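Work through the exercises below with the sequence and the structure at hand, and try each task before reading its solution.

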Amino acid sequence: MSGQDAPINPTGDPYQLLQIVRNPDGTITRSLNIPETPPTSDPNLPISVLSKDIPINQSNNTWVRIYLPREALDSSSQLKLPLIVYFHGGGFILYSAASSSVHDHCVSKANELRVIIASVEYRLAPEHRLPAAYDDAVEALYRIKTTQDDWLTKHADFSNCFIMGMSAGGNIAYQAGLRVAAEADHLRPLNIRGLILQQPFFGGTQRSESELRLVNDPTSPLCVTDLMWELSLPIGVDRDHEYCNPTVGGGSKLLEKIRLLGWKVLVTGCDGDHLFDRQVELAKLLEEHGVHVVGHFGVGGCHGVDFHDSSRGKAFLEQVKNFILISLHK
């Protein structure tokens, strides 16, 4: 789950819990009311962060929403801001870069971290099963690299870029990171400094201790995440596919590329989230491959706690701020 809205009742049919209906043609009908917020690019409005949408691939209806702190428009400021390319959560099947909860948190991140956020609208499953979202993520990075948009060309420091995601977005950030690490030279002048994985969404066929302990978790019950994987993974594979379980086969060979590039990886989680063990396993896997990992694993909480609990949200932003600082000073 994305963790961006109120907890759900853990008992019952996961289709009902998610308010979706599976159609005979393999698509789903989404009934959940998810408010959306349009971008606001008028500098005359009394807001701290401006936003606007830039198309990526019109045939796939993908685009990126840019969040620019107003202070960057100050004519006396010559300082360019770090760039975070962000992917929202939603179990690969729900939400949008235009969803109000996503928009509001991107505004907050841009404002608090003093960075430019590029929030990517990617295709959803099951209409577009994985790796479609990963393809869109990489395409977005190349679109940003070549953009002539003045907000990015004038105010974004392309030499200090981070790939970030929450929940399923953290999974996308990880998989996109693996892909672009293999072709980092082609991505220049965009220079990736690290990955920020906020409670990333991973799984496997063998149940972990945290999954068994929190099988009926009211925020994100196991039956719901199982259904999300069923709807998003390629047809015919199980949860030990590399898209779901990054530890299969000892991990991707591309982790060596990440190590050689010197990227740092921030992984967060809390033991009140049934995905907790998967997040800890990922951090250990990265460390075993020689990648510099910064892990923040808390007690209690739930999936998406950073969105529901303001104190935890502030603590997470402080973790990201410190992570960016150490990543910029190799």
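The exercises that follow concern a predicted model, and they go from the whole chain to single residues.

**Exercise 1. The chain as a whole**

Task: Work out how many helices and strands the protein chain has, and why the chain can be called as compact as a globular protein of its length.

Solution: Begin with the secondary structure, where the protein chain shows 12 helices and 10 strands. Next, take the radius of gyration, which is 19 Å, and set it beside the 20 Å that the globule rule gives for 330 residues; the two values are close, so the chain is as compact as a globular protein of that length. For the extent in space, note that the C-alpha trace spans about 55 × 45 × 40 Å along its principal axes. Then turn to burial: of the 330 residues in the protein chain, 56% are buried, where buried means a relative accessible area under 20%. Finally, consider the contacts with a sequence separation of 6 or more, of which 78% are between residues 24 or more positions apart.

**Exercise 2. Two helix pairs**

Task: Determine how H2 is oriented relative to H12, and how H3 is oriented relative to H5, and state which residues make each contact.

Solution: For the first pair, helix H2 (residues 100–113) packs against helix H12 (residues 310–328) at an angle of about 50 degrees, and their axes are 10 Å apart. An angle from 35 up to 65 degrees is neither roughly parallel nor roughly perpendicular, and H2 and H12 are therefore oblique to each other. Their crossing is right-handed. The contact is formed by Ser108, Lys109, Glu112 and Leu113 on the side of H2, and by Leu317, Val320 and Lys321 on the side of H12. Sorted by character, the residues of this contact are three nonpolar, one polar and three charged.

For the second pair, the axes of helix H3 (residues 132–146) and helix H5 (residues 168–181) come within 9 Å and cross at roughly 60 degrees. H3 and H5 are therefore oblique to each other, and their crossing is right-handed. On H3 the contact involves Ala133, Tyr134, Asp135, Ala137, Val138 and Leu141, while H5 contributes Asn171, Ile172, Gln175, Ala176, Arg179 and Val180. The residues of the contact of H3 with H5 divide into eight nonpolar, two polar and two charged.

**Exercise 3. Backbone exceptions**

Task: Explain what is notable about the peptide bonds from Ala125 to Pro126 and from Leu130 to Pro131, and about the phi angles of Asn61 and Arg114.

Solution: Start from the general expectation, which is that most peptide bonds are trans and that most residues other than glycine have a negative phi. The bond from Ala125 to Pro126 is cis, with omega near 0 degrees, and the bond from Leu130 to Pro131 is also cis, with omega near 20 degrees. Pro126 is found in the loop between strand E6 (116–121) and H3, and Pro131 lies in the loop between E6 and H3.

Now look at phi, which for Asn61 is near 55 degrees, a positive value in a residue other than glycine. Asn61 sits in the loop between strand E3 (49–57) and strand E4 (62–69), and with 55% relative accessibility it counts as exposed. Arg114, likewise not a glycine, has a positive phi of about 55 degrees. Arg114 belongs to the loop between H2 and E6, and its relative accessible area of 38% makes it partly exposed.

Conventions. Residues numbered from 1 in each chain as written. Predicted model: local features only at pLDDT ≥ 70, side-chain atom pairs only at ≥ 80, totals over all residues. Heavy atoms only, no water. Axes fitted to C-alpha atoms, helices over the stretch in contact; angles between N-to-C directions. Helix = DSSP H or I, 4+ residues; strand = E, 2+ residues; numbered from the N terminus. Parallel < 35°, antiparallel > 145°, perpendicular 65-115°, else oblique. Left-handed = near helix turned anticlockwise from the far one by under 90°. Contact = heavy atoms within 4.5 Å. Nonpolar A, V, L, I, M, F, W, Y, C, P; charged D, E, K, R; others polar. Rg over C-alpha atoms; globule rule 2.2 N^0.38 Å. Buried < 20%, exposed > 50% of the residue type's maximum accessible area, 1.4 Å probe, protein only.
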